[in-house]
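Hello,

Here is the structure I promised to pass on to you. Have a look at it first, and then read on for what turned up.

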Amino acid sequence: MARTLVFAGLFTMPMLSIRIGGGNSGGITISDVFFGLAVAPLALTTQRPKRPPTTVWNIGGVLVVIGGIGASFSAILPKSSLLVDARMVFVLFIWQWTIRHTLSEKQRLVRGLDMYIVGAAVSGAVAILQSKLHFIVSHGSTVNGRAFGLTTNPNDAGANLALGLVLAVGLAIHFGVGRRGFRFICIGLISIGLI
């Protein structure tokens with residue numbers, strides 16, 4: 001159950017505009033909801049991850065907490081700053097904890113990467129529809145011809161699609177054309193959406 005929720009979280013990760021509560025600018029991303037829900041079945045299991053977190057990772061997490069709280073004292077919107085820090089803690093600890101538990105084998109890790117790639121391809125396809133066909137265009141989904149896809153701004157779209165493209169190209173080269181040819185379709189959709 002937890003693995004299915006993590007796969008859903010990875011698929012929806014490039015879709016930052018799909019949120020629970022608060023619209024595009026507020027609320028919780030749907031991918032965070034899936035990762036958060038994956039914690040419940042994992043907390044009940046006795047199985048432990050094969051790869052424990054490193055000490056450096058934990059030190060980095062503590063520094064994020066301290067730095068985020070310190071930065072919030074001088075922030076224009078302290079509450080929003082603390083929420084960003086809380087999300088960073090969630091990403092650094094909850095995401096990696098669920099991924100270490102559920103994607104500990106190579107085959108499962110590749111499937112998880114494929115889920116992200118397909119999610120990026122869907123977002124790229126929506127960006128194509130927005131910019132070329134003016135379809136699925138809501139208020140503020142394009143800026144100077146740059147489409148958002150399923151993210152909240154063109155820069156988020158660029159970052160998510162670029163990451164999806166790198167992952168798709170890397171896996172396509174690793175596994176070749178014959179196996180998992182859908183990656184090449186994803187590469188095309190992501191590339192056009194990115195451009």
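What covers the buried residues of α1? Before the answer, please keep in mind that this is a predicted model. The cover includes α2, α4 and α5, the last of these spanning residues 106-132. As for the buried residues of α1 themselves, they are Ala2, Leu5, Val6, Phe7, Gly9, Leu10 and Thr12.

Let me take α2 next. Two packed helices are described by the angle between their axes and the distance between the axes. Helix α1 covers residues 2-12 and helix α2 residues 30-43; their axes come within 8 Å and cross at roughly 165°. An angle over 145 degrees counts as roughly antiparallel, and α1 and α2 are therefore roughly antiparallel to each other. Their crossing is left-handed.

If you would like to find the contact on screen, look on the α1 side for Ala2, Leu5, Val6, Ala8, Gly9, Leu10 and Thr12. They meet Ile30, Ser31, Phe34, Phe35, Leu37, Ala38, Pro41 and Leu42 in α2. Sorted by class, this contact has 12 nonpolar residues, three polar ones and no charged ones.

One more residue is worth a click: Gln96, which is found in helix α4 (residues 78-102). Is Gln96 buried or exposed? Buried means under 20% relative accessible area, so Gln96, at 15% relative accessibility, counts as buried. A polar atom of the Gln96 side chain lies 3.2 Å from the backbone oxygen of Phe93.

Enjoy exploring, and all the best!

Note on methods: Residues are numbered from 1 along each chain as its sequence is written. This is a predicted model: local features need pLDDT of at least 70, side-chain atom pairs count only at pLDDT 80 or more; totals for chains, interfaces and linings use all residues. Side-chain values use heavy atoms; hydrogens and water are left out. Axes are lines fitted to C-alpha atoms, for helices over the stretch in contact, and angles run from 0 to 180 degrees between N-to-C directions. Helices (H or I, at least four residues) and strands (E, at least two) are DSSP runs, numbered from the N terminus. Angles under 35 degrees count as roughly parallel, over 145 as roughly antiparallel, 65 to 115 as roughly perpendicular and the rest as oblique. A crossing is left-handed if the near helix is turned anticlockwise from the far one by less than a right angle, and right-handed if clockwise. Contact means heavy atoms within 4.5 Å. Ala, Val, Leu, Ile, Met, Phe, Trp, Tyr, Cys and Pro count as nonpolar, Asp, Glu, Lys and Arg as charged, and the others, Gly among them, as polar. Buried means under 20% relative accessible area, exposed over 50%, partly exposed in between (1.4 Å probe, protein chains only). A polar contact is a pair of N or O atoms within 3.5 Å; within protein, one must be able to donate a hydrogen and the other to accept it, and residues adjacent in sequence count only if both atoms are side-chain atoms.
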